[in-house]
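I open this notebook to keep track of what I look up in one protein model. Each entry takes one topic.

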Amino acid sequence: MRLKSGAFVILLGLAVAAPLGAQTAAPAKAAAPASSAPSSLAPLPAKPNPVSSHAPYEAGDCKICHQGSDPKQPGPVAKKAPALCLDCHEEFTGVLKRPHTHFPARTDCTICHNPHNAKFPKLMRNETRAQCTTCHADVGKVSANAKVPHKALITGAQCTNCHNPHGSTVAKLLAQLPFDLCLSCHNRDNMVDANGKKLQNLKAWLDNNKVWHGPVAAKDCSACHEPHGGDHFRLLKNDYPPEFYAPYDPRTYALCFSCHQEAAFSAPQTTTLTNFRNGARNLHFVHLQQVGRGRTCRACHEVHASRQEHHIRDGVPYGSGGWILKLNYKKTNDGGSCEKTCHQEKSYSNKAAR
């Protein structure tokens with residue numbers, strides 16, 4: 001006997017950066033949950049106590065979903081899900097009219113839910129992330145192998161911290177537009193990463209620093225960051241030195257050079273590649289190419305936003321004590337100057353060598 005019923009709270013694990021067939025067409029394995037999920041929709045035994053139970057089943061009202069009323073022989077369901085489920089769960093009728101809907105929500109609620117009772121909340125057939133990755137195996141693989149995990153995927157509501165499991169007005173079933181979604185978490189002073197290291201209150205920083213880096217201005221966090229986990233510092237998509245000082249190697253700046261020209265930092269002389277030069281002397285080269293004490297981008301630039309043009313920092317943390325070294329940068333018509341920073345005051349003009 002095949003049993004279907006009306007629980008209608010479906011969870012998923014959707015990739016932010018990968019195409020998701022779940023939004024437009026049935027994934028090849030969506031109709032057959034993986035072996036990690038229970039294969040039967042039959043009621044679970046009373047002991048150990050199920051975590052969640054469907055109200056009609058709990059009340060013995062089999063007739064709500066089945067053609068018969070005898071709990072021992074209720075017969076087939078009266079109609080197929082999700083139509084059956086929507087007879088009670090009317091609030092999801094509008095959800096399924098949204099432009100992006102999840103395949104199980106459109107076709108069969110029991111892909112994700114047991115209609116009688118379950119070991120997991122909301123009648124889920126498996127733990128949230130495990131349930132999602134029975135179909136979204138690519139996300140599961142990334143998350144399981146990530147050297148740097150994203151806490152949003154492994155804590156709390158897990159996948160549904162970011163995704164609506166039934167339907168959304170935003171692509172990839174995101175609960176909000178990506179930029180707003182990121183800032184809905186990264187808006188606190190006490191946030192820490194998976195290793196316990198304090199993270200910046202990014203929303204407050206962006207509110208107070210109006211010169212935004214290009215990807216931030218485009219509201220595209222995923223241009224630089226992996227949303228499900230990755231192998232690089234701060235979930236970055238490619239290499240970027242986390243230190244203040246680092247030997248120069250173009251491979252360690254692969255993230256930056258996905259947008260910026262590498263030659264602007266490795267050419268000793270130029271009159272075209274950068275305006276940070278004294279005449280033709282490339283001052284990016286001077287700062288980055290010092291043996292043993294090459295400054296990384298973070299030494300002078302803010303990666304998200306700043307108060308000054310060119311993302312020049314007001315100051316940088318120096319040492320582990322929390323002291324801020326002021327850069328005292330001043331812009332001029334043909335260059336600028338730094339005062340009493342890593343060195344005594346020095347100025348430059350990109351029009352005439354000094």
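The entries below go through charged pairs, aromatic rings, a sheet and two contacts across the chain.

**Entry 1: the model**

I note at the start that this is a predicted model. I keep that in mind for every value in these pages.

**Entry 2: salt bridges**

I began with the charged side chains. Side chains of opposite charge can pair when their charged atoms come close. I asked how many salt bridges the count comes to. The count is seven. I wrote down three of these bridges in detail.

The first one I looked up joins the side chains of Asp207 and Lys203, with 3.1 Å from N to O. This pair counts as a salt bridge because its N to O distance of 3.1 Å falls within the 4 Å limit. I then asked where Asp207 and Lys203 lie. Both are in helix α9, which covers residues 202-208. They are four residues apart, and that is about one turn of the helix.

I also checked whether these two residues are buried or exposed. Asp207 has 38% relative accessibility and counts as partly exposed. Lys203 is partly exposed too, its relative accessible area being 36%. Partly exposed is the right label for Asp207 because 38% lies between the limits of 20% and 50%.

The next bridge is between Asp249 and Arg251. Their closest N and O atoms are 2.8 Å apart. Arg251 counts as exposed, with a relative accessibility of 63%.

The last bridge I noted is formed by the side chains of Asp314 and Arg307, at 2.8 Å from N to O. Here I asked which label each partner gets, exposed or partly exposed. Asp314 is partly exposed at 31%, whereas Arg307 is exposed at 53%. Arg307 gets its label because 53% is over the 50% limit.

**Entry 3: aromatic rings**

I turned to the rings. A pair of aromatic rings is described by the distance of the centres and the angle of the planes. Searching the whole structure gives six aromatic pairs. One of them is Tyr253 with Phe257, a tilted pair. Their centres are 5.9 Å apart and their planes make an angle of 40°. The pair is called tilted because 40° is neither under 30 degrees nor over 60. Tyr253 and Phe257 are both buried.

I then asked which residues the ring pairs link into a cluster. They are Tyr248, Tyr253, Phe257 and Phe265.

I added one contact between a charge and a ring. The charged end of Arg293 sits over the ring of Tyr245, at 4.3 Å from the ring centre.

**Entry 4: a sheet**

I looked for strands that pair. Strands β11, β12 and β13 form an open sheet, in the order β11-β12-β13, with antiparallel pairing. The edge strands are β11 and β13, each of which pairs on one side only. From one strand to the next, the twist averages 15°.

I took the pairings in turn. Strand β11 (residues 330-332) and strand β12 (residues 335-338) are joined by three bridges and run antiparallel. They form a hairpin, with two residues between them. Lys330 has Ser337 in β12 as its bridge partner.

Strand β12 is also joined to strand β13 (residues 346-349), by four bridges, and these two run antiparallel. I asked which residue in β13 stands opposite Ser337. The residue is Ser347. Cys338 has a bridge partner in β13 as well, namely Lys346.

**Entry 5: two contacts across the chain**

I stayed with strand β13 for Ser349, which lies in it. Ser349 counts as buried, at 3% relative accessibility. The label follows because 3% is under the 20% limit. I then compared positions along the chain and in space. Ser349 and Asp334 are 15 residues apart along the chain, and their C-alpha atoms are separated by 5.3 Å. Their side chains are joined by a polar contact of 2.8 Å.

My last look-up was Lys237. Lys237 lies in the loop between α10 (214-217) and α11 (263-266). It is partly exposed, with a relative accessible area of 34%. I asked what distance separates the C-alpha atoms of Lys237 and Glu226. The distance is 5.7 Å, and the two residues are eleven residues apart along the chain.

Notes
Residues numbered from 1 in each chain as written. Predicted model: local features only at pLDDT ≥ 70, side-chain atom pairs only at ≥ 80, totals over all residues. Heavy atoms only, no water. Buried < 20%, exposed > 50% of the residue type's maximum accessible area, 1.4 Å probe, protein only. Phe/Tyr/Trp six-rings, centres within 6.5 Å; stacked < 30°, edge-to-face > 60°. Lys NZ or Arg CZ within 6 Å of the ring centre and 35° of its normal. Pairing = 2+ DSSP bridges. Axes fitted to C-alpha atoms, helices over the stretch in contact; angles between N-to-C directions. Polar contact = N/O pair within 3.5 Å; in protein donor to acceptor, adjacent residues only side chain to side chain.
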